[in-house]
Amino acid sequence: MEPVLVSLESGVLRVTLNRPDKLNAFNADLHKGLAAAMTRAENEAAVRCVLITGAGRGFCSGADLTQRDMKSEAQLDMGAGLEAHYNPLVKRMRALPKPIVCAVNGVAAGAGANFALACDIVVAARSASFIQAFVKIGLVPDCGGSYFLPRLAGTQRAMALAMTGERLSAEDAERFGLIWKVVDDGALEDVAAKIAENLAAGPTRSLGLIKKAIYDSAGNSLAAQLDLERDLQREVGRGTDFREGVTAFLEKRKPSFTGG
Ligand code: T3D
């Protein structure tokens, strides 16, 4: 069974984590499949949005805990997997100049929860949940969790989620600002697909630079951010989609963006 299913339709690269019997836990093959999907997203102009979801009843249960020999000293270097797989993955997701939508279809635990939070727009099924499971096995949040949680939810909520490892319902995740919205289980696929299709038909260059502006703001002063906005506006202003957008407005029709 392929650990990651990938298909491209209407500009949306659909990426499905596919190890349902392990609730889509990360192993080497799944990391390989995700890295290959990221390479496609980066290199193919036909890809204008990425949609990530999980097969079966879970979204992703984090690192596969069955694949580590706990008696081997070498395998207890828990930083090695982060260095080799998780950290490059999160950096590539954030740097991708195209939107990434995440449809959280079930439980998202450990690195699986933070992998979801690394996406640009997160929609979750009402029955889904988020667990900072690390503390339950004596680890610390990774895959960007200690960065995303305090920024999205505030220090107090981040601390409590990380220290207790309590399961957070999708509704509370929405209330905490961790995700964009919760939808009924049966509607998740359609809602996420619609968001992804709309983004794929959008002004891709503009969407990529919106992403840059929002994420860069975390480390910028207001003055630096204003300068960045000026530079980015200058860049998109020279693109074909800006001309199309204004022309369509004046002609009272729907714009047809090509991503230029
Ligand atoms: O180098 C590195 O990799 C470092 C990176 C570390 C990052 C991390 O992510 S550390 C955190 C790892 N994840 C966890 O600690 C979560 C472990 N899983 C759970 O706590 C629970 O499974 C869930 C809360 C996610 C779901 O609970 P539940 O009751 O809905 O399902 P279940 O029965 O526990 O699991 C269903 C099956 O999936 C089960 O297999 P079985 O018994 O039916 O054959 C279970 O063993 C398997 N499974 C679930 N999570 C994992 C897993 N198998 C391997 N690894 C898992 N993480």
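This is a short talk on how the two domains of this chain meet.

A caution before the numbers: the model is predicted. Everything I quote is computed from it.

Start with the layout. The domain assignment splits the protein chain in two. Domain 1 runs over 4–200, and domain 2 over 204–250. Their centres, taken over C-alpha atoms, are 27 Å apart.

Now the contact. How many residues of each domain take part? Domain 1 puts in 13 residues, and domain 2 puts in 6.

Next, area. About 760 Å² is buried between domain 1 and domain 2. Carbon and sulfur atoms give 50% of that. Which residues of domain 1 lose the most area to domain 2? They are Arg48, Arg94 and Pro97. Together those three account for 47% of what the domain 1 side buries.

On to the polar side. Between domain 1 and domain 2, the count is 6 residue pairs in polar contact, with both residues at pLDDT 80 or more. The salt bridge count between the domains is 1. Look at lysine 211 and aspartate 120 in the model. Their side chains meet in a salt bridge, at 2.8 Å from N to O.

Where does the domain 1 face come from? Two helices to note here: α2, spanning 78–95, and α4, spanning 145–153. Each supplies at least two residues of the side that touches domain 2.

Last, the make-up of that face. On the side of domain 1 that touches domain 2, 8 residues are nonpolar and 5 are charged. None is polar.

That's the interface. Happy to rotate the model for anyone.

Note on methods. Residues are numbered from 1 along each chain as its sequence is written. This is a predicted model: local features need pLDDT of at least 70, side-chain atom pairs count only at pLDDT 80 or more; totals for chains, interfaces and linings use all residues. Side-chain values use heavy atoms; hydrogens and water are left out. Domain bounds come from an automatic or database domain assignment. Contact means heavy atoms within 4.5 Å. Buried area is the accessible area (1.4 Å probe) that two parts lose on being put together, summed over both. A salt bridge is a side-chain nitrogen of Lys or Arg within 4 Å of a carboxyl oxygen of Asp or Glu. A polar contact is a pair of N or O atoms within 3.5 Å; within protein, one must be able to donate a hydrogen and the other to accept it, and residues adjacent in sequence count only if both atoms are side-chain atoms. Helices (H or I, at least four residues) and strands (E, at least two) are DSSP runs, numbered from the N terminus. Ala, Val, Leu, Ile, Met, Phe, Trp, Tyr, Cys and Pro count as nonpolar, Asp, Glu, Lys and Arg as charged, and the others, Gly among them, as polar.
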